[in-house]
Amino acid sequence: MPLSTITVQHSDGSPARGVRVSLGFSFGMTDAHLTDKYGVAVVEHSSVGRATVFAAGRDQGSFHAPGRYVVTL
């Protein structure tokens with residue numbers, strides 16, 4: 001299955017640990033994953049294409065999955 005890496009950071013650039021991250025595709029959502037101590041969550045998904053990133057309970061933008069995306073809280 002494809003993997004996407006989502007990095008979540010605070011506005012000062014420090015990693016945001018323990019943030020719930022999921023991806024939304026036209027056919028549904030992935031399971032939620034928590035960021036690690038580096039602010040990174042690796043999300044496995046079966047769909048490819050445009051994905052909306054949800055982190056900390058909010059829409060944080062979109063990207064082409066699989067891939068990498070950075071969220072700043």
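Me: How do I read the open sheet of 3 strands: what is the order of its strands?
Reply: Strands of a sheet pair through backbone hydrogen bonds, either parallel or antiparallel. Here the order is β5-β1-β8, and the pairing is mixed. The edge strands are β5 and β8, each of which pairs on one side only. Averaged over neighbouring strands of this sheet, the turn of one against the other is 25 degrees, direction ignored. That angle is taken between axes, which are lines fitted to C-alpha atoms (for helices over the stretch in contact); angles run from 0 to 180 degrees between N-to-C directions. A strand is a DSSP run of E with at least two residues, a helix is a run of H or I with at least four, and both are numbered from the N terminus. Two strands count as paired if DSSP finds at least two bridges between them.

Me: What kind of model is this, and how are residues numbered?
Reply: It is a predicted model, in which local features need pLDDT of at least 70 and side-chain atom pairs count only at pLDDT 80 or more, while totals for chains, interfaces and linings use all residues. Residues are numbered from 1 along each chain as its sequence is written, and side-chain values use heavy atoms, with hydrogens and water left out.

Me: How many bridges join β1 to β5, and do they run parallel or antiparallel?
Reply: β1 and β5 run antiparallel and are joined by 5 bridges. Two positions show the register: L3 stands opposite E44, and S4 stands opposite V43.

Me: How many bridges join β1 to β8, and is that pair parallel or antiparallel?
Reply: Here too there are 5 bridges, but β1 and β8 run parallel. I6 has Y69 as its bridge partner, T7 stands opposite V70, and V8 stands opposite V71.

Me: Which side chains of β5 are buried, and which are not?
Reply: Buried means under 20% relative accessible area, exposed means over 50%, and partly exposed is in between, with a 1.4 Å probe and protein chains only. Side chains alternate along β5 (residues 40-44): A41 and V43 point to one face and are buried, whereas V40, V42 and E44 point to the other and are not. In β8, Y69 and V71 form a covered face, and R68, V70 and T72 an uncovered one.

Me: Is T5 buried or exposed?
Reply: T5 counts as buried because its relative accessibility is 17%. T5 belongs to strand β1 (residues 3-9). Contact means heavy atoms within 4.5 Å. Leaving aside neighbours within four places in sequence, T5 touches V40, A41, V42, G67, R68 and Y69. L3, also in β1, is partly exposed, since its relative accessible area is 47%. With the same sequence neighbours left aside, the contacts of L3 are V42, V43, E44, H45, P66 and G67.

Me: What about T30 in the loop: buried or exposed?
Reply: T30 is in the loop between β3 (28-29) and β4 (33-34), and its relative accessibility of 13% is why T30 counts as buried. Leaving aside neighbours within four places in sequence, T30 is in contact with S22, L23, F25, V43, E44 and H45.

Me: How many residues has the largest nonpolar core?
Reply: In soluble globular proteins, nonpolar side chains tend to be buried together. A nonpolar core is a set of buried Ala, Val, Leu, Ile, Met, Phe, Trp, Tyr and Cys residues joined through side-chain atoms within 4.5 Å. The largest one has 16 residues, and I6, V8, V21, L23, V53, F63 and V71 have the most contacts inside it. Two or more residues of this core come from each of β1, β2 (20-25), β5, β6 (49-55), β7 (58-65) and β8 (68-72). Among the contacts of V21, neighbours within four places in sequence left aside, are I6, V8, A41 and V43.

Me: Where does the backbone have a cis peptide bond or a positive phi?
Reply: Most residues other than glycine have a negative phi, and most peptide bonds are trans. The peptide bond from A65 to P66 is cis, with omega near 5 degrees, and P66 lies in the loop between β7 and β8. A56, in the loop between β6 and β7, has a positive phi, near 55 degrees. A56 is partly exposed, with a relative accessible area of 47%.
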